Amino acid sequence: IVAFFQPKVLAGQRVLVTAGPTFEALDPIRGITNHSSGKMGFAIARAAREAGAEVTLIAGPVHQTTPRGVRRVDVLSAQGMLESTLGNAQDATVFVATAAVADWRPASHSEQKIKKDGSGQPPVLHFVENPDILATVAKTPRAQSGALFCVGFAAESENLVAHASAKRERKGIPLLVGNIGPLTFGQDHNSLLLVDSDGVRELPRATKLALARQLVAEIAARLPARRP
Ligand code: CTP
Ligand code: CA
């Protein structure tokens with residue numbers, strides 16, 4: 001019912017959202033991941049759709065229902081998410097990176113289950129850094145020209161304002177959204193900090209869907225005026 005009364009502030013926009021964790025396989029039955037539930041990203045996809053956008057949602061392994069009218073692509077690893085994101089970014093006008101992408105993946109993937117070797121010594125695992133999906137998209141010519149508006153999220157455990165501002169500049173994006181701690185993984189409420197070139201603004205504690213709707217309005221207000 002609320003959706004019905006929402007102004008279609010994203011009509012004509014094509015919005016791409018990443019959500020959830022990634023899973024980085026170690027062998028056929030094990031891997032590393034994190035506690036991201038995907039809730040915030042799915043709420044943003046829903047809010048963007050309600051606001052009239054065409055929405056593609058690239059989801060890591062999550063247990064969430066696809067919002068009505070949203071096109072969903074399921075991926076597993078950071079590399080899979082990067083590939084799918086770059087493909088879908090080509091005609092998007094807004095990119096919102098909410099995914100909790102694993103920063104590292106195992107340096108090698110074993111085709112077979114890694115077995116105990118009987119020595120009592122645990123295996124030594126090596127990791128390599130994953131590609132930064134948001135920074136990669138933000139460097140594309142369409143993002144640089146302003147045709148693709150990029151929004152990042154920041155998970156910090158301390159010094160949110162300083163870290164979030166530095167992260168926005170490092171990634172080269174116009175808007176970065178900080179999660180005001182503590183950890184909100186899986187929870188229905190959150191509060192957000194919006195960091196842009198003008199400074200910092202807080203969206204006070206509310207449900208993730210209410211925050212997603214406010215964020216959609218904030219994004220819409222920052223988009224370049226569309227040609228008639
Ligand atoms: N991000 C991404 N690809 C990665 C890592 C992060 O697209 N490999 C995106 C996230 O979706 C988020 C933003 O970058 O929108 C910030 O993620 P965060 O984990 O807070 O920052 P990092 O750059 O990974 O730095 P660190 O974890 O060391 O703070
Ligand atoms: Ca990270």
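Here is a walk through the two ligand sites of this structure, which is a predicted model.

Let's start with ligand 1. The space it takes is the largest pocket. The secondary-structure elements that each give two or more residues to the shell around ligand 1 are helix H4 (133-138), strand S9 (149-154) and helix H6 (160-171). There are 15 residues around ligand 1, and the ones that come nearest are Ala-97, Ala-99, Pro-131, Lys-167 and Lys-171. Sort that shell by character and you get 9 nonpolar, 1 polar and 5 charged residues.

Now for the polar contacts. Pro-131 joins in through its backbone: an N or O atom there lies 2.8 Å from a nitrogen atom of ligand 1. Ala-155 also uses its backbone, with a polar atom 3.2 Å from an oxygen atom of ligand 1. Asp-103, on the other hand, uses its side chain, placing a polar atom 3.0 Å from an oxygen atom of ligand 1. How much of ligand 1 does the protein cover? On its own, ligand 1 has 570 Å² of accessible area, and the protein covers 79% of that.

Keep an eye on Asp-103, as this residue turns up again at the calcium ion (ligand 2). The protein donors listed for the calcium ion are Asp-103 (OD) and Asp-103 (OD), lying 2.5 Å from the ion. Where in the fold does Asp-103 lie? Look in the loop between strand S6 (94-97) and strand S7 (104-106).

One last stop is Asn-159, in the loop between S9 and H6. Its phi is near 45°, a positive value in a residue other than glycine. The two elements on either side of that loop, S9 and H6, are among those giving two or more residues to the shell around ligand 1.

Notes. Residues numbered from 1 in each chain as written. Chains lettered and ligands numbered in written order. Predicted model: local features only at pLDDT ≥ 70, side-chain atom pairs only at ≥ 80, totals over all residues. Heavy atoms only, no water. Donors = N, O, S within 2.8 Å, 3.2 Å for Na, K, Ca; no water. Helix = DSSP H or I, 4+ residues; strand = E, 2+ residues; numbered from the N terminus. Near = heavy atom within 4 Å. Polar contact = N/O pair within 3.5 Å; in protein donor to acceptor, adjacent residues only side chain to side chain. Areas by Shrake-Rupley, 256 points an atom, 1.4 Å probe, with all protein chains shown as cover. 1 Å grid on protein atoms, 1.4 Å probe; cavity = no way out; pocket = protein on both sides within 12 Å on 5 of 7 lines; lining within 4 Å. Sits in = over half its atoms within 2 Å of the grid points. Nonpolar A, V, L, I, M, F, W, Y, C, P; charged D, E, K, R; others polar.
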